[in-house]
Structure formats: C-alpha cells, structure tokens
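Open the structure in your viewer and keep the sequence beside it. The tour below goes from stop to stop, saying what to select and what is there.

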Amino acid sequence: MLLVLAYANSHAQSVLFVPVKEKAYVSSATVTTLAGAADKGNVDAVGTAARFGYPMGIAVAPDGTVYVVDDETQTVRKITPLGAVTTVAGLAGSKGSADGLGVAARFYHPVGLALDASGTLFVTDADNHTIRKLTPAGQVTTLAGTAGRKGSADGTGAAAQFNLPQGVAVDTHGTVYVADTENHTVRKITPDGVVTTLAGTARQKGSADGWGAAARFHHPAGVAVDASGNVYVADNGNHTIRKITAAGEVTTLAGRARGHGGTDGPGSQARFLFPAGVAVDAIGNVYVADRANTTIRKVSSTGDVSTLAGSVLRIGYVDGPGPDARFVGPFGIALDAASSTLYVTDGPTVRMIK
C-alpha cells in the first residue's frame with residue numbers, strides 16, 4: 001500500500017509500507033472520547049455534541065482544562081474536564097496574522113501548542129512562520145518571527161525566522177522549544193524572545209546523532225521537555241524518537257532511521273510510522289502519537305517501546321481497552337499533572353487514555 005502523510009498542510013512524503021501480521025499485546029489503558037465526533041465542524045458545545053475541524057496541538061492545565069489548536073478552523077479551543085468546549089482565540093474560517101484579544105486575533109494553520117506554569121499558551125502558527133503567545137486573559141501577541149516571512153535566521157523577536165514550525169514545548173523557566181519542521185531543526189526561544197538553534201542545521205535533513213549543529217533531523221514534528229531540560233523529538237520523516245540533552249547532544253532513543261513499521265521492542269529494534277506528537281512524564285517515560293500507525297506508544301527511559309492503545313493500520317473511532325480501541329490519525333498528545341491521563345487529538349476528536 002502507498003501511505004501519504006502531510007506535514008503542516010503543505011508538505012507530503014510517500015513511503016511503501018507492507019504491513020506484517022501484528023502480534024497481540026496486553027494493555028491496561030482504556031480510551032474514551034472527551035469531545036468532538038467523526039464529522040467535522042465548528043460547534044462550541046459539550047462532549048460529542050461539539051465539533052472541531054482538525055485539532056492538532058494539545059496542552060493540559062493543572063486543573064484538568066484541555067486546550068487545543070484547531071488547525072482547520074484557525075482557532076484555539078478550550079475543553080473543561082466535563083467536556084464543555086469554547087473558543088478562546090481566533091475566528092473560525094477567518095485566517096490571518098493579526099494580534100489581538102480573543103476573536104480579534106487571527107491564525108494561519110496553527111499546529112503546535114504548549115502551556116507554561118502561569119497559564120500562558122504558546123502556539124506554532126505554521127503557515128505564518130511565527131510563534132504566538134496567548135495570555136490567560138485571551139490576548140494574542142507574536143513572540144518570534146514575522147508573518148509571511150519564512151527562513152532560518154536566529155535573532156530576537158521579529159528578526160528571527162522559521163519555516164513551517166510544528167511542535168512546541170515550554171520548560172519550567174519559560175524557555176520555549178520549537179520543532180522547525182521545514183528547516184529540519186529544533187529552535188530555542190528565551191522568555192525575552194531571543195531565538196537560537198539548539199540542534200540541527202537549517203535545510204540539511206538527515207538522521208545523524210551528534211552535538212548541536214552536527215546533528216540532523218528529517219521533518220521533526222512534536223517536541224516535549226522534561227524537568228532536567230532534556231528535549232524529546234518525534235522525528236517524523238526518520239520514524240524515530242530523538243533526545244536532546246540540555247547541553248545539546250542528540251541521540252536516538254527509539255526506532256531506526258528510515259526503518260518504518262509498527263513493531264514494539266527495545267531501542268533500535270522498535271519501529272514507528274511518521275510519529276507526530278510526544279509527551280514525557282516525571283520519570284522519563286515518553287508517550288508517542290504514532291500517527292500513521294494509528295496507535296499510541298510508550299517509550300521507557302531506557303528506550304523500550306510498547307503499545308498502549310490502538311492497532312497498527314486499523315483505522316476507526318472506537319473507544320475501549322487498549323488493543324480494541326481505534327484511532328484515525330493521532331497527532332497531538334499531552335499528559336495531565338498527575339501523569340494518570342493522556343489526551344490525544346485524533347482527526348476531529350479529542351480522546352482520553354487512562
């Protein structure tokens with residue numbers, strides 16, 4: 001079969017994937033739907049009565065409130081623990097780059113989302129090539145980059161450039177990390193808006209481990225950061241999960257570059273298929289939205305990979321226990337404060353895994 005995966009609505013890559021018979025697995029995880037349904041739309045309502053276009057990035061507040069960026073409707077949405085959905089910024093169907101309060105703000109295919117300790121959201125506004133900031137009061141500003149101007153320049157605020165950024169994460173010090181997807185790099189932004197390149201070299205894709213600019217990525221997608229400052233990357237085009245230390249050393253935690261598949265196992269024996277989102281818990285377990293495999297995976301701190309929910313290439317909107325659950329293309333993934341519940345954006349729905 002020929003599988004095609006799109007990056008940020010504008011880049012596509014194809015790969016010949018021959019599925020093999022999947023081994024049964026055991027998982028204590030159970031999947032339910034928090035909000036949305038299989039049919040797309042833009043409706044603020046409760047639970048499955050709500051409608052999304054295509055939610056991608058996701059973040060969870062300490063009180064259990066969930067935030068998503070709805071890429072297709074150009075909005076940021078909020079979901080209460082009881083499933084009530086409201087729109088907090090942007091106007092459905094109206095794309096642009098305007099800063100402003102709530103519905104006065106405009107986005108252009110927002111993809112990634114992260115939440116800091118103060119309740120401020122950070123958004124990768126992919127087709128604007130910018131990083132946006134959304135305060136708890138609903139005020140949207142541009143933290144870095146200039147709308148409509150793509151590139152790879154480091155610099156402060158509007159002087160910096162990005163090229164279709166996707167994943168975003170923020171650490172306890174307010175430092176923001178960005179998967180600059182079409183530049184094949186991971187960038188770093190200080191709270192003052194100073195942008196530097198943490199790892200990789202712009203426009204030079206590859207799979208090499210190494211320090212800083214010597215490392216190579218291939219369309220990095222999701223990013224997550226732990227309490228020690230280690231950054232985890234879903235290296236989408238390489239079908240791997242990478243780790244960047246606070247000092248800038250890049251290693252491959254799981255999977256093998258260009259070795260796609262859905263196999264569980266230790267380190268380089270495991271296989272992924274266009275992983276999109278990552279989240280990390282307090283003890284170093286990494287959770288992966290393995291998008292094209294339609295599964296949710298877990299990578300231990302030592303690199304052992306297992307499947308939590310879904311079955312390889314078995315597509316659907318089915319709630320239920322681990323192997324019986326079905327996804328259509330999980331993208332964003334986030335963990336709650338207690339590390340007891342995962343939240344996943346999946347097509348026009350938001351799912352929960354406990």
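Start by selecting Arg242 and Asp235. These two residues form a salt bridge, and their closest N and O atoms are 2.7 Å apart. Bear in mind that this is a predicted model.

Is Asp235 buried or exposed? Its relative accessibility is 0%, and because buried means under 20%, Asp235 counts as buried. Arg242 is buried as well, with a relative accessible area of 0%.

**Second partner of Arg242**

Keep Arg242 selected and add Asp209. The side chains of Arg242 and Asp209 meet in a salt bridge, at 2.9 Å from N to O. This pair links distant parts of the chain: Arg242 is in strand E21 (residues 240-244), Asp209 is in the loop between strand E17 (194-199) and E18, and the two are 33 residues apart. Asp209 has 41% relative accessibility, so it counts as partly exposed.

**Arg216**

Now select Arg216, in the loop between strand E18 (210-211) and strand E19 (220-225). What does this buried residue lack? Arg216 has no salt bridge, and the nearest side chain of opposite charge, that of Asp235, is 11 Å away. A salt bridge needs a side-chain nitrogen within 4 Å of a carboxyl oxygen, so a distance of 11 Å does not qualify.

Add Gln204 to the selection. The side chains of Arg216 and Gln204 make a polar contact at 2.9 Å. To see more of the surroundings, show the residues that Arg216 contacts beyond its neighbours within four places in sequence; among them are Thr201, Lys205, Ser207, Asp235 and Arg242. Asp235 and Arg242 are the pair from the opening stop, joined by a salt bridge.

**Arg187 and Asp154**

Clear the view and select Arg187 with Asp154. Their side chains meet in a salt bridge, with 2.9 Å from N to O. Arg187 lies in strand E16 (residues 185-189) and Asp154 in the loop between E12 and E13, so the pair ties together parts that are 33 residues apart in sequence.

Look at how much of each residue is covered. Arg187 counts as buried, at 1% relative accessibility. Asp154 has a relative accessible area of 40% and is partly exposed.

**Ala153**

Move to Ala153, in the loop between strand E12 (139-144) and strand E13 (155-156). Ala153 is partly exposed, and its relative accessible area is 29%. Which residues does Ala153 contact, leaving aside its neighbours within four places in sequence? They are Ala159, Ala160, Gln161 and Arg187.

Next, mark the C-alpha atoms of Ala153 and Val195. These residues are 42 apart in sequence, but their C-alpha atoms are 8.5 Å apart in space.

**Strand E16 and its partners**

Select the whole of E16. Four of its five residues are buried, and the strand is mostly covered. Add strand E15 (residues 176-180), which pairs with E16 in the antiparallel sense over five bridges. Within this pairing, Val176 has Ile189 of E16 as its bridge partner. E15 and E16 form a hairpin with four residues between the strands, where His184 takes a positive phi near 60°.

On its other pairing, E16 meets E17, again in the antiparallel sense, over four bridges. Here Ile189 has Val195 of E17 as its bridge partner. E16 and E17 also form a hairpin with four residues between them, and Gly193 in the turn has a positive phi of about 90°.

**Two more positive phi values**

Select His129, in the loop between strand E10 (121-125) and strand E11 (130-134). His129 is not a glycine, yet its phi is positive, near 60°. His129 counts as buried at 9% relative accessibility.

Then go to Phe274, in the loop between strand E23 (265-266) and strand E24 (275-280). Phe274 is not a glycine either, and has a positive phi of about 50°. At 0% relative accessibility, Phe274 counts as buried.

**Last stop**

Finally, select Asp44, Asp70 and Arg77, which are linked in a network of salt bridges. How many salt bridges does a search of the whole structure find? The search finds 14.

Technical notes: Residues are numbered from 1 along each chain as its sequence is written. This is a predicted model: local features need pLDDT of at least 70, side-chain atom pairs count only at pLDDT 80 or more; totals for chains, interfaces and linings use all residues. Side-chain values use heavy atoms; hydrogens and water are left out. Buried means under 20% relative accessible area, exposed over 50%, partly exposed in between (1.4 Å probe, protein chains only). Contact means heavy atoms within 4.5 Å. Lys and Arg count as positive and Asp and Glu as negative; His and the chain ends are not counted. A polar contact is a pair of N or O atoms within 3.5 Å; within protein, one must be able to donate a hydrogen and the other to accept it, and residues adjacent in sequence count only if both atoms are side-chain atoms. Two strands pair if DSSP finds at least two bridges between them.
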